[in-house]
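Please work through the exercises below with the sequence and the model side by side, and try each task before reading its solution.

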Amino acid sequence: VDTLKRRSRGESLRLLETLADPNCVEANVEKQDMIEQLLRALTPRQRQIVQMKLDGRPVKEIARTLSLSESCVRVHWHRALLRMQPQLMQWIHSIAQ
């Protein structure tokens, strides 16, 4: 189960990175709507952390910038991925058909 969770987090992260890539032709059509829908599901703090992670900032820098502990940043990141996962999977399923 733990391996499955790590795998799904990795897949979610790769999809988020793809959606965030402005040069990704495949995602351009639905990208903006999908990103907005995903971000609406998050708390304001989770949104901040997701944006910073997608910008490539390390956990240590995010923690320092937001005056949080590194473990707190990791918890927010993990919970954001869990919240977004159902919507990501639904989106993947819809484009795969």
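The exercises go from the overall fold to single residues, each with a worked solution.

This is a predicted model, in which local features need pLDDT of at least 70 and side-chain atom pairs count only at pLDDT 80 or more, while totals for chains, interfaces and linings use all residues. Residues are numbered from 1 along each chain as its sequence is written, and side-chain values use heavy atoms, with hydrogens and water left out.

**Exercise 1. Fold and confidence**

Find how many helices and strands the protein has, and which element has the lowest mean pLDDT.

Start with the elements, where helices (H or I, at least four residues) and strands (E, at least two) are DSSP runs numbered from the N terminus. The protein has five helices and zero strands, in the order α-α-α-α-α from the N terminus on.

Next, turn to pLDDT, the predictor's confidence in each residue, from 0 to 100. The average for the protein is 77, and 65% of the residues score at least 70. Among the elements, helix α1 (residues 2–20) has the lowest mean, 56, and α4 the highest, 96. Over residues 1–7 the pLDDT stays under 50, and the model has zero contacts beyond four places in sequence for them, a contact being heavy atoms within 4.5 Å.

**Exercise 2. The nonpolar core**

Work out which helix gives the most to the largest nonpolar core.

A nonpolar core is a set of buried Ala, Val, Leu, Ile, Met, Phe, Trp, Tyr and Cys residues joined through side-chain atoms within 4.5 Å. Buried means under 20% relative accessible area, exposed over 50%, and partly exposed in between (1.4 Å probe, protein chains only). The largest core has 18 residues, of which L42, I49, V50, I62, V73 and M84 touch the most other members. At least two residues each come from α2 (28–40), α3 (44–54), α4 (59–66) and α5 (70–96), and α5 gives the most, with seven.

Then follow L42, which, leaving aside neighbours within four places in sequence, is in contact with R47, V50, A80, R83 and M84.

**Exercise 3. The two sides of α4**

Explain why the buried residues of α4 lie on the same side of this helix.

First list the buried residues of α4, which are V59, I62, A63 and L66. They cover an arc of only 100° around the axis (taken from the directions from the helix axis to the C-beta atoms), which puts them on the same side of α4. K60 and R64, on the other side, are exposed.

Finally, look past the end of this helix to S67, in the loop between α4 and α5. S67 has a positive phi of about 55° although it is not a glycine, and this residue is exposed, with a relative accessible area of 66%.

**Exercise 4. Salt bridges**

Locate the salt bridges and state how many there are.

The rule asks for a side-chain nitrogen of Lys or Arg within 4 Å of a carboxyl oxygen of Asp or Glu, and by this rule the count is two. One joins the side chains of E61 and R57 (2.8 Å, N to O); E61 is partly exposed at 28% relative accessibility, and R57 is partly exposed at 25%.

The side chains of E70 and R74 also meet in a salt bridge (3.4 Å, N to O). These two residues are separated by about one helical turn, because they are four residues apart in helix α5.
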